[in-house]
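Here is a short tour for the bench, with the sequence and structure open beside you. Keep the viewer handy and follow along at your own pace.

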Amino acid sequence: MADFRYPPDCEELRAEVRAWVATAMDGADAHADPHDLTGLAEPYERALHRQAGERGWLAMGGLRQSIFDFEVARADAPVIDTAMTLAGSVITLFASDIQRRQVLARMHNGEVEVSIAYTEPGAGSDLTAVATTARADGDGWVLDGVKSLITGPHKADLACVIAVTDPEVAPRRGMTMFLVPMDAPGVSVVRTPTMNGWDLGEIHLDGARLAADAVLGEVGNGWRQMALAIGAERSGVFLNGFARHALDLLVEHVRGAVRDGQPLADDPVVVDQVGRLEAAWADAERLSRRALWAATTEGVEPEPAIGSMAKVVSSELQQDIARTAVELVGPEALTWGPLFGGGPSDGPADRGRFAYEVLERVHPTIGAGASEVQRDAIATLGLRLPRRTV
Ligand SMILES: Cc1cc2nc3c(=O)[nH]c(=O)nc-3n(C[C@H](O)[C@H](O)[C@H](O)COP(=O)(O)OP(=O)(O)OC[C@H]3O[C@@H](n4cnc5c(N)ncnc54)[C@H](O)[C@@H]3O)c2cc1C
């Protein structure tokens, strides 16, 4: 009979991470920074990264990594943002020996933060339209262009930038990746606010001069590298951690709240909705686990659309939970509050958490491949339907 449990060593790790993150996040409200995606100030975030790095938790890969990601997401801990979660896979796959020593090892320790910088004002879903250029100059490179909608560049040490190095060939063969030091001459960051009050950033590259060893992987191989690394991001595991947390908060509210003199938990519509979300969460979790297993287990027949399916299901579930929570909780859920530092709380509904969730869970269906694009991939790669010609 199939065994759906995690192996005992994974459950031990889960217990360790859960205990650590509970202690590490105790008092987090005193370090609030609503302009940061994590809701917390950079020094506090870096301290947590270092603690996790010292425990060897930032570069585990596979099932163990997914357990760490899930647990920290569930605790709102500022560990899923830059560094290993975003840039880890591409740097692990393609770093040179020197980059492994100088960058990757320090990412593992939580000392170096890296942003991913692919998107541009004219190139989002269709990254063949990337216009940033890198030209060879002496024994280095000069980069020009703008990267937009980038997560965390204001606090990153490096950005993993994709740029056109050969405009004469098809974009998929003419791009190269670079590890750009954020303090290099010609590199600047402009912060742009999101609807939830925190900032994304633009990275402006104005004749930014880089050394030859800033190339990540091979010259001309940037597109392939990007495709391989983005695939690894799409198991949906940490999205399920955020979803679990929001659903737990909703259930906690339903358990304790009274409306019109009646416990909310006596309302059959409320119970029906909460039960529906719990079943949907279990579905998403199984699908993510299957995607992760397929991506990390040698000899498994490739399922080309499984990552896309997991990403669509997990990201859309987050929106479903957020919207349903607001409907079930009622008017008090319409007041927005910051993730941290919002003052004492009597329960999940009174600090604006559910309104925050509604706004915050919009972007997971856009970033790392929008749902519409993922569904196309499911149809063409998974079901082998013909690609649209328009
Ligand atoms: C919060 C957030 C964080 C982000 N962080 C990063 C980051 O760290 N690094 C980075 O490089 N980028 C990042 N991005 C950018 C993100 O990857 C892009 O937003 C995404 O690729 C979509 O591109 P776009 O915004 O230009 O939308 P567009 O590509 O213009 O798409 C607009 C709409 O058209 C639809 N669409 C586009 N093409 C098709 C198609 N072929 N078929 C059907 N529908 C289509 C899309 O699904 C979408 O609904 C982030 C974005 C957000 C919102």
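How many bridges join S3 to strand S7, and in which sense do the two run? Nine bridges join them, and the strands are antiparallel. Please keep in mind that this is a predicted model.

## Strand S3 and its partners

Let's begin with the S3–S7 pairing, where S7 covers residues 199–211. Two pairs of residues help to trace it on screen. Gly140 sits opposite Ala211 of S7, and Ile150 has Gly201 as its bridge partner in that strand.

S3 also pairs with strand S2, residues 133–137, through five bridges, and here too the strands run antiparallel. One position to look for is Arg135, whose bridge partner in S3 is Val142. S2 and S3 make a hairpin with two residues between them. In that turn, Gly138 has a positive phi of about 60°.

## The S6–S7 hairpin

Strand S7 has another neighbour to visit. Seven bridges pair it with strand S6 (residues 187–193), again in the antiparallel sense. Within this pairing, Pro193 has Asp199 of S7 as its bridge partner.

S6 and S7 form a hairpin as well, with five residues between the strands. Gly197 takes a positive phi there, near 95°.

## Aromatic pairs

The model holds seven aromatic pairs. One of them is worth a closer look: the ring centres of Trp141 and Phe178 are 5.3 Å apart with their planes at 70°, so this pair counts as edge-to-face, the class for planes over 60 degrees apart. Trp141 belongs to strand S3 and Phe178 to strand S5 (residues 175–181), so to speak of their separation in sequence, they are 37 residues apart and link distant parts of the chain.

## Around the ligand

Now for the ligand, which has 20 residues around it. The closest are Ile116, Thr119, Ser125, Thr151 and Glu372. Sorted by class, this shell consists of 11 nonpolar, six polar and three charged residues.

Which atoms lie 2.7 Å from a nitrogen atom of the ligand? One is a backbone N or O atom of Ile116, and another is an N or O atom in the side chain of Thr151. Leu149 also takes part, with a backbone N or O atom 3.0 Å from a ligand nitrogen. On its own the ligand exposes 960 Å², and the protein buries 65% of that.

## Where the shell comes from

Three elements give two or more residues each to the shell: strand S1 (114–117), strand S3 (140–150) and helix H11 (371–382). H11 gives the most, with three residues. S3 thus appears in this list as well as in the pairing with S7 described above.

Seen by domain, the shell draws at least three residues from domain 2 (115–219) and at least three from domain 3 (234–382).

Conventions. Residues are numbered from 1 along each chain as its sequence is written. This is a predicted model: local features need pLDDT of at least 70, side-chain atom pairs count only at pLDDT 80 or more; totals for chains, interfaces and linings use all residues. Side-chain values use heavy atoms; hydrogens and water are left out. A residue is near a molecule or strand if one of its heavy atoms lies within 4 Å of it. A polar contact is a pair of N or O atoms within 3.5 Å; within protein, one must be able to donate a hydrogen and the other to accept it, and residues adjacent in sequence count only if both atoms are side-chain atoms. Accessible areas come from the Shrake-Rupley method with a 1.4 Å probe; for residues, only the protein chains shown count as cover. Helices (H or I, at least four residues) and strands (E, at least two) are DSSP runs, numbered from the N terminus. Ala, Val, Leu, Ile, Met, Phe, Trp, Tyr, Cys and Pro count as nonpolar, Asp, Glu, Lys and Arg as charged, and the others, Gly among them, as polar. Domain bounds come from an automatic or database domain assignment. Two strands pair if DSSP finds at least two bridges between them. Rings of Phe, Tyr and Trp (its six-membered ring) pair if their centres lie within 6.5 Å; planes under 30 degrees apart count as stacked, over 60 as edge-to-face and the rest as tilted.
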